[in-house]
Amino acid sequence: MNLAVVLVIAAVVALSIILRLAVTQSLQLKGSSGPDVSIRPIDIEAFRNLINPAEDEYLRRRLPPAQFRTVRRERLRAMAAYVQVANHNAAVLIRVGEAALAGRDGRVAEAAQLMVADALLLRRNATVAVARIYLALAWPGSEFAAVRVVERYEQLSGTAMLLGRLQNPGAAVRLSASR
Amino acid sequence: MLPAHSLLWHYFWLAPHILQVALAFLMWRRGLHSLFGVFFAYLIFEAFEEFTLYGLDIAPAVSGETFWRAFCVGLIVEGFIKIGVIGELFYHLLRPWPAIAKVGSRLVTGTGAVLVLLASLAAALVVPDNNHWLISGSHILQQTFYIVDCGLLALLFSFTAYFKLAWNYRILGIAVGLAILACEHLGTWAVMANGGLLGQRHFLDLLNMATYHVCVLIWFYYLLVPQKTPTTSAVSLPENNLAIWNRELERLLQQ
């Protein structure tokens, strides 16, 4: 009977999570809940500097091992924060892109399709990168690079700018400080 | 043979499946059967299965063993078709986005394998609630299938929420109906398989049938009632963030 209690609780929890997500989705489909458009800017040069393996190598040579591990952990935490902001921005752009997909302008829809595909890829890469960063926190001496996240973010920035220009020709849109 | 039941019992056994046949017919008329082929097959099979079981239940010549054998066969076929319906929902959601289709299909396969293992473990831990292996076995089989269904549907909703994928109105309706059905049925079949509420089984049966009725009405609504056009227009990228981005650019140039 204990097993039945566990399964009933699991079923209730699963149903409440599913219904909450379904209600959110349903509200978005009906257009009564607009997407959160608070994109957070990223200093892409600082991000690049943070993930540069040469910087890590320099610190490894100059610092005693214990101090290097402390500094490396700090850098990994900062890296995780950057990746999470990139992940958040990708989520916002997916919503914006999906809204733009519904438009009648073929060029806007095409740019939106491209942007959503880039944002989805970034979100996938960022999720893996965050997991690997937290793993690297346990072994600060191990090699880790989030180059793919930065590259994908720059690509996404480009497609977002294209969509921004098509939607609003008077304004350019930047998602990072370096492009 | 099951004992005779109330009028409500007969209504709940037959009405949802009559509605299912009507829904399948309307889907066919509107061409939706080619879009949701597995779900269409599920509606037809489920109605056929339940009408057969109802006939076996009320026919005096049919033995209890024959009824439970038919119940078990129907349950296995229905279980696999339902997993196919969940696969069809994943296919519709991921098809426009090849970027995450591969990771999505790997996740579904991996989660499915873990769920089958968990469901097998749960089945092994069950103390049979009935001396007849066919009855207790079918209860355990129900519990097993619903553990897998529930887990896969939770994954479907979590995956789309995480990647912020937009649901098609009809796909959302099918998924919500299936999710309510799977979660409620998991609860009741888990109680039955583990020997709970022995004296009140008819309430659990009634709850299952009433839930099924609600789910069929949900499918009716989402598949046949036209979707309202969203009132908001396409959202542009925010212009107010430009100032922040440009400020950062200036700061970078001054370094």
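How are α1(B) and α3(B) oriented to each other, roughly parallel or roughly antiparallel? I shall answer that shortly, after a word on the model.

This is a predicted model, in which local features need pLDDT of at least 70 and side-chain atom pairs count only at pLDDT 80 or more, while totals for chains, interfaces and linings use all residues. Residues are numbered from 1 along each chain as its sequence is written, and chains are lettered from A and ligands numbered from 1 in the order in which they are written.

Chain B has nine helices and zero strands, helices being DSSP runs of H or I with at least four residues and strands runs of E with at least two, numbered from the N terminus.

To return to the question: helix α1 (residues 7–29) and helix α3 (residues 37–58) of chain B pack at about 150°, with axes 9 Å apart. Axes are lines fitted to C-alpha atoms over the stretch in contact, and angles run from 0 to 180 degrees between N-to-C directions. The two helices α1(B) and α3(B) are therefore roughly antiparallel, a label for angles over 145 degrees, whereas those under 35 are roughly parallel, 65 to 115 roughly perpendicular and the rest oblique.

Let us turn to one residue. L115(B) lies in helix α5 (residues 98–125) of chain B. L115(B) counts as partly exposed because it has 19 C-beta neighbours inside 10 Å; 20 or more other C-beta atoms within 10 Å would make a residue buried, and 12 or fewer exposed, with C-beta atoms placed from the backbone. Across the whole of chain B, buried residues make up 34% of the 255 residues.
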